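Q: Hi! Could you walk me through this fold? I'm new to this, so plain words please.

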Amino acid sequence: MIDFTFHNPAKIFFGRTALSHLGDEARRYGDKALLVYGGGSVKRSGLFDQVMDILSAQGIGVWELGGIVPNPRLGTVREGIATCRREGIGLVLALGGGSTIDTAKAIVNGVPYAGDVWDFFAGIATPKESLPLGVILTIPAAGSEMSYSCVITNEAGMLKRGYNSVTHVPTFSILNPEWSFSLPPYQTACGIVDILSHMMERYFTHVEHVELTDRLITAGILTVLNNAPVVMARPDDYDARAELMWAGALAHNTLLNTGRVGDWGSHKLEHELSASFDIAHGAGLAIVMPAWMRHAAARHPKKLAQFAVEILGVPADFGEETAVALEGVSRLEAFFRSLGMPTRLSDVGLENADFAALTRRALPTEQSTVGEYIKLGRQDFIDIYTLAR
């Protein structure tokens, strides 16, 4: 186990009564808030009106930034920053899922920064301070409600980039599983894959003697695998939705990072797909993760075989280590298909995509690499995209 620092300051209110805490929490940060949200679903559900009524009762003026899209855009972030500066906003409140929360995260870091907010994503600056950020979560998926990660797409070149900073870990997050009842099945399935991927990226490591975090990750993955079929069959099953919502938060709050180094190559592979073709992040991960696993099994099958046995029920005596690992990949793909997820680029009409161009965007030089469990260079990227066809 390697040395680590664990710091997650997010305050979580979870359950059916969680929204009752919004007024007191929001009022701590003044009388002006920017409300960031996506499409019309939060209005159709009545949640938007509930939030507005609570804020109004506290005497908090609200400025709206709606219409946040999947793979959220830099232009909207800049608009939010300008509004906060102009109006003297004291709190940014995200109402929605990962795209909405990531937009809000970029805004809270960008407001006090003298330069352009894209500097953080380009790796030429690091945020030092931020506005307070509140979250009302409606989509269990990205884990942004408790994470220090943020991903935004720059329309100039459609560059999808992320960065990590404790400055944008939400100040407080409000989670009520009931708000996910009305999610369409496809969106629910994409969220399930996203949650799984965050745990799997951490599971695949070369660090030895990380038994506790291995077991925590295993428990999280098994919880998702057990409850996913339930919510797909019964969308209003509160208990199953609650398990998924809490698993999503824990999957990405850095607890499962402790003492180990994760991989994240699959996320880099997927980011280029969703940036270029605007497919859902979870759907892209369902395609690239099995392909990455097949590629990795040829080099380092040990951890993949462990995953297959401990999580996917492959018999340890199924065959030699690589065969066990590959059987696990097949079983994972079958699970993704049972959710209605694509598992091949051909499933989404991208089998003839320009893999070389995608690779150059991800790895700008011949020497560039990503990943930890296996280092991926340009040829590896092309090979994995080819496996995913």
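Q: Is the crossing where helix 14 passes helix 15 left-handed or right-handed?
A: Helix 14 passes helix 15 in a right-handed crossing. Keep in mind that this is a predicted model.

Q: Which residues make that contact?
A: From helix 14 there are Phe-355, Ala-356, Leu-358, Thr-359, Arg-360 and Ala-362. Helix 15 brings Arg-378, Phe-381, Ile-382, Tyr-385 and Thr-386.

Q: And by class, what are they?
A: The contact of helix 14 with helix 15 has seven nonpolar residues, along with two polar and two charged ones.

Q: At what angle do the axes of helix 14 and helix 15 cross?
A: They cross at roughly 135 degrees and come within 9 Å. Because of that angle, helix 14 is oblique to helix 15.

Q: Okay, new topic: strands! How many form the open sheet, and in what order?
A: Six strands form it, with parallel pairing, in the order 1-8-5-4-2-3.

Q: Which strands stand at the edges?
A: Those are strand 1 (11-14) and strand 3 (61-65). Each has a single partner strand, so one side of each has no neighbour in the sheet.

Q: How many bridges join strand 4 to strand 5?
A: Five bridges join these parallel strands, residues 91-96 and 133-137. Val-92, for example, stands opposite Leu-133 in strand 5.

Q: Which strands does helix 3 lie across?
A: Helix 3 (residues 47-57) lies across strands 2, 3, 4 and 5, running at about 160 degrees to strand 4.

Q: What about helix 9, which strands does it lie across?
A: Helix 9 (residues 238-251) lies across strands 1, 5 and 8, at about 175 degrees to strand 1.

How values were computed: Residues numbered from 1 in each chain as written. Predicted model: local features only at pLDDT ≥ 70, side-chain atom pairs only at ≥ 80, totals over all residues. Heavy atoms only, no water. Axes fitted to C-alpha atoms, helices over the stretch in contact; angles between N-to-C directions. Helix = DSSP H or I, 4+ residues; strand = E, 2+ residues; numbered from the N terminus. Parallel < 35°, antiparallel > 145°, perpendicular 65-115°, else oblique. Left-handed = near helix turned anticlockwise from the far one by under 90°. Contact = heavy atoms within 4.5 Å. Nonpolar A, V, L, I, M, F, W, Y, C, P; charged D, E, K, R; others polar. Pairing = 2+ DSSP bridges.
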